[in-house]
Amino acid sequence: MKRAVLCYSKNKIMIVLTVCACMWLSIPLCACKEKPYTFTDPIEYIDGVPICEWEMGYFQHRVVDGYYDFDDCAGIYAENYKGNKLCLFNADENNMYTKHQSYYVMGKHDDKLYSYTSCVYYDEELGAPPKAAEKHSFACDIYIKPLAAEYDRNKLSFLFVKETSSECKFSHKFINIFMDGECFATFFFSTWVPVTQEWFENFLTERLVWGDSMEFEETDDEL
């Protein structure tokens with residue numbers, strides 16, 4: 001009789017110990033599980049559509065089509081296409097996400113010159129997602145058409161838009177860019193970290209360059 005009670009007591013102790021061990025093992029598993037990185041977009045958008053967007057394949061003649069740096073693209077414009085009243089986007093290769101070169105296209109359609117630039121951007125101020133294997137802050141595409149008037153950066157204005165009614169190839173978030181009331185560019189973007197409206201406005205104001213103000217300088221390449 002005593003033997004039976006002893007066995008029962010041992011079994012009961014083993015059950016309690018097993019339950020406690022399982023509970024103890026489950027605690028670090030729950031504590032170590034990391035939540036996925038998320039952030040709140042600080043920009044307030046309105047509903048709308050991209051004003052300056054077209055199929056790049058519709059260009060009847062492509063002047064530039066490839067992975068150029070801005071100086072090459074600007075040199076081609078300054079030498080051959082001044083007077084087309086076109087802004088160019090200086091992607092600033094020093095801050096590019098290094099595994100993705102900026103992609104420049106300039107082309108003519110119906111005798112008008114258009115510009116398109118695509119890049120993945122990293123900025124130390126904005127940073128990158130925590131523990132990201134590769135540093136990038138945002139990706140962007142910008143479409144630019146010729147202006148009717150002379151460019152004046154002091155007259156720039158920006159409309160932050162989110163399109164939910166139709167399919168966009170790149171992003172549903174974009175900025176329609178105006179100069180003195182005329183929309184001449186649409187900047188699509190996809191962010192991996194919070195970027196404020198003010199930051200984008202300063203960035204675009206700095207990076208848009210009036211092509212007709214550039215001078216072409218021929219240099220001799222020496223080895």
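## Close-up views of the fold

**View 1. Strand E5 and its neighbour E6.** Serine 115 has isoleucine 144, in E6, as its bridge partner. The model shown in this and every other view is a predicted one. E5 and strand E6, which covers residues 138-144, run antiparallel and are joined over seven bridges. How much of E5 is buried? Eight of the 10 residues in E5 are buried, so this strand is mostly covered.

**View 2. The hairpin of E4 and E5.** On its other pairing, E5 meets E4, again in the antiparallel sense and over seven bridges. Two good places to start looking are the pair of lysine 108 with its bridge partner leucine 113 in E5, and glycine 107, which stands opposite tyrosine 114 in E5. Two residues separate the strands of this hairpin, and aspartate 110, in the turn, has a positive phi of about 55°.

**View 3. The sheet as a whole.** Stepping back, you can follow an open sheet of eight strands with mixed pairing, in the order E1-E7-E8-E9-E6-E5-E4-E2. Which strands form the edges? They are strand E1 (46-47) and strand E2 (61-66), each of which pairs on one side only. Helix H2 packs on this sheet, where it touches E2, E4 and E5, and its direction makes about 20° with that of E4. For a sense of the wider setting, the protein has three helices and 10 strands, which follow one another from the N terminus as α-β-β-α-β-β-β-β-β-β-β-α-β. Contacts between residues 24 or more positions apart make up 70% of those with a separation of 6 or more.

**View 4. Helix H2 and what covers it.** H2 spans residues 70-80, and its buried residues are Phe70, Cys73, Ala74, Gly75, Tyr77 and Ala78. In general, an α-helix has 3.6 residues a turn, so residues three or four places apart point the same way. Covering the buried residues of H2 are, among others, strand E3 (87-89), strand E4 (103-109), strand E5 (112-121) and strand E10 (208-210). At the N-terminal end, the helix is capped by aspartate 69: one of its side-chain oxygens lies 3.3 Å from the backbone nitrogen of aspartate 71.

**View 5. Cysteines without a disulfide.** The structure holds zero disulfides. Cysteine 140 has its nearest cysteine sulfur, that of cysteine 119, at 3.3 Å. Why is this pair not a disulfide? A disulfide needs sulfur atoms within 2.5 Å, and the 3.3 Å here is outside that cut-off. Cysteine 140 is buried, because its relative accessibility is 1% and the cut-off for buried is under 20%. Cysteine 73, which you met in H2, is also buried, with a relative accessible area of 2%.

**View 6. Helix H3 and arginine 207.** H3 lies across E5, E6, strand E7 (156-162), strand E8 (173-179) and E9, and it runs at about 130° to E7. Arginine 207 belongs to this helix. Is arginine 207 buried or exposed? Its relative accessibility is 10%, so arginine 207 counts as buried. Leaving aside residues up to four places away in sequence, arginine 207 touches Leu88, Phe89, Asn90, Asp92 and Tyr121.

**View 7. Proline 194, ahead of H3.** Proline 194 sits in the loop between strand E9 (182-191) and helix H3 (197-207). Although their positions lie 153 residues apart along the chain, the C-alpha atoms of proline 194 and aspartate 41 are separated by 5.7 Å. Which residues does proline 194 touch, not counting those up to four places away in sequence? They are Tyr37, Phe39, Thr40, Pro42 and Leu126. With a relative accessible area of 37%, proline 194 is partly exposed.

**View 8. Two loop residues with positive phi.** Lysine 85 lies in the loop between H2 and E3, and its phi is near 55°, a positive value in a residue other than glycine. Lysine 85 is partly exposed, at a relative accessible area of 27%. Aspartate 180, in the loop between E8 and E9, likewise has a positive phi near 55°. Aspartate 180 counts as exposed, because its relative accessibility is 55%. To place these residues in context, buried residues make up 40% of the 223 in the protein, and the accessible surface comes to about 14,200 Å², with 52% belonging to carbon and sulfur atoms.

Technical notes. Residues numbered from 1 in each chain as written. Predicted model: local features only at pLDDT ≥ 70, side-chain atom pairs only at ≥ 80, totals over all residues. Heavy atoms only, no water. Buried < 20%, exposed > 50% of the residue type's maximum accessible area, 1.4 Å probe, protein only. Helix = DSSP H or I, 4+ residues; strand = E, 2+ residues; numbered from the N terminus. Contact = heavy atoms within 4.5 Å. Polar contact = N/O pair within 3.5 Å; in protein donor to acceptor, adjacent residues only side chain to side chain. Areas by Shrake-Rupley, 256 points an atom, 1.4 Å probe, with all protein chains shown as cover. Pairing = 2+ DSSP bridges. Axes fitted to C-alpha atoms, helices over the stretch in contact; angles between N-to-C directions.
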